[in-house]
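Colleague: Please give me a close look at the surroundings of the ligand, and then set them in the rest of the chain.

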Amino acid sequence: MRSRTSSCADGGIVREDLTGSDLRKVFEQHGFVTGSDCLLPLLRRAIKAAEVSDVTTLIEGETGTGKQVLAQAIHSLDGKRKNNAFVTVHCSTVSESLAESELFGHQRGAFSGAFANRRGLFQAARNGTLFLDDVNDLPLVLQPKLLDVLQRGTVRPVGSDFEVPIDVRIIAAANRPLEPLVKEGRFRQDLYHRLNVVRLELPPLRERPADFASLMLTFACRHAGLYRPILSVDPELLRFLESQPILGNVRELENAVQRMLFLKTEGASLTLEDWTRQVSTEAPGEKIDLMAQTANAVWRTISNGECGYGQALQELEKRVLEAAMSVPGSTRRKVAKQLHISERALYYKMRACGIASRIR
Ligand SMILES: Nc1ncnc2c1ncn2[C@@H]1O[C@H](COP(=O)(O)OP(=O)(O)O)[C@@H](O)[C@H]1O
Ligand SMILES: [Mg+2]
């Protein structure tokens, strides 16, 4: 199918009905790789946001799901801004005391230590994109100040009498859904509405299993210096990864691929054996991080009101058991041994979780 194109105000092209695979190619060229059909509606909205106008865009998704990569793709698909700066504000680390000067700049002599004029991040992003990363962590006291700047389209450097107009595209990323935070009074409703013009929800990797193969091949290519070229991902490994309830983070997948390549000695395909080998060399810190992420995800499900505490933990236990049993070649005895419980205990746990035994 040919795509219909039409010109937009700044001379760019609006690609209204690109086929799914063309859309994926466009994003891949701009660094965002996906093999999933379920992301296509999101990519369509993202390309529209990039090309049609300067709408403020909010990207929600767990840490490491690719929010920054997507934001950069939107920036570079924006014909008007792509040659100007993409500036990231790490909202979780802006200090309350220095934030205004960091964001809006200051005039020489505005406070002790201000020896020269400073431009601030908003001005550094002039005619480009300002990426507000982890905006959910922006201190509450700074939220009205940010809103004010966004509403008026000007900044006033600390100590200056003059407003400076700013022309920037704003993309905000949140690693937790903002709406519940608004309800809890931890994020200002007015700022939320100002940011939430176009919302893009990036699902965790475990909800888009079709991305495993394309991402792993991309990372194998990116880190080709660690080993020789990888041509494929073994279907057995893909089936295994798809059965893992906890793998949600693309950054962790990339680290795992690097370890796999580093430890690999033969073959041109990534296999389940490569995966198992790299898991055993994983740094302990990363394992803890995975646990913390799982705990966060469970807590989010409970705090969103999707289920109660007991039900959430039972669901978690069920998924852990299912993951353990899905390892190819599993027997009940092997699984019990790996879980450090008796076969009898495993049997009762499976029954309690409503798991029909698929293994002997
Ligand atoms: N769709 C993707 N295509 C290619 N690389 C990706 C993709 N998503 C994530 N990555 C990789 O994972 C890393 C983490 O992604 P990032 O965008 O920083 O996540 P987030 O901002 O959600 O925490 C990136 O540096 C990139 O290497
Ligand atoms: Mg990030």
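Modeller: A residue counts as exposed if 12 or fewer other C-beta atoms lie within 10 Å of its own, as buried if there are 20 or more, and as partly exposed in between. The model is a predicted one, and that scale applies throughout what follows.

The ligand comes first. Around ligand 1 there are 16 residues, of which V33, G66, K67, Q68 and V250 come nearest. Two elements, α3 (67–76) and α11, each give two or more residues to this shell. By type, the shell holds 8 polar, 5 nonpolar and 3 charged residues.

Among the nearest residues, Q68 deserves a closer look. Q68 sits in helix α3. With 17 other C-beta atoms within 10 Å, Q68 falls between the two cut-offs and is therefore partly exposed. Setting aside residues up to four places away in sequence, Q68 touches F131, D133 and A173. The C-alpha atoms of Q68 and D133 are 7.7 Å apart, although 65 residues separate the two in sequence.

Next to D133 in the chain is D134, in the loop between β5 (129–133) and α6 (143–152). D134 is not a glycine, yet has a positive phi of about 50 degrees. Most residues other than glycine have a negative phi. D134 has 18 other C-beta atoms within 10 Å, so D134 is partly exposed.

H340 also has a positive phi without being a glycine, here about 60 degrees. The loop that holds H340 runs between α15 (332–338) and α16 (343–353). Only 7 other C-beta atoms lie within 10 Å of H340, and 7 is under the limit of 12, so H340 is exposed. The two loops belong to separate parts of the chain: domain 1 covers 5–203 and domain 2 covers 316–360. The centres of domain 1 and domain 2, taken over C-alpha atoms, are 46 Å apart.

Now the nonpolar interior. The largest nonpolar core has 45 residues, and L70, I74, F122, L130, L132 and A172 have the most contacts inside it. F122 is in contact with L103, F104, L130, V149, V155, I166 and V168, leaving aside neighbours within four places in sequence. Another core, of 19 residues, lies apart from the largest one and includes F219, A220, L237 and V257. In soluble globular proteins, nonpolar side chains tend to be buried together.

Helix α11, one of the elements in the ligand shell, also helps to cover part of α12. In α12 (residues 272–280), the buried residues are D274, W275 and Q278. Seen down the helix axis they fall within an arc of 100 degrees, so they line one face of α12. An α-helix has 3.6 residues a turn, so residues three or four places apart point the same way. The buried residues of α12 are covered by elements including α10 (235–242), α11 (250–263) and β11 (269–270). On the face turned away from the buried side, α12 carries the exposed residues V279 and S280.

For the chain as a whole, there are 16 helices and 11 strands. Of the 360 residues, 27% are buried. Along the principal axes, the C-alpha atoms fill a box of roughly 75 × 50 × 35 Å. Among contacts between residues at least 6 apart in sequence, 72% join residues at least 24 apart.

How values were computed. Residues numbered from 1 in each chain as written. Chains lettered and ligands numbered in written order. Predicted model: local features only at pLDDT ≥ 70, side-chain atom pairs only at ≥ 80, totals over all residues. Helix = DSSP H or I, 4+ residues; strand = E, 2+ residues; numbered from the N terminus. Arc of directions from axis to C-beta. Contact = placed C-beta atoms within 7 Å. Near = placed C-beta within 6 Å. Nonpolar A, V, L, I, M, F, W, Y, C, P; charged D, E, K, R; others polar. Core = buried A, V, L, I, M, F, W, Y, C linked by C-beta atoms within 7 Å. Domains from an automatic or database assignment.
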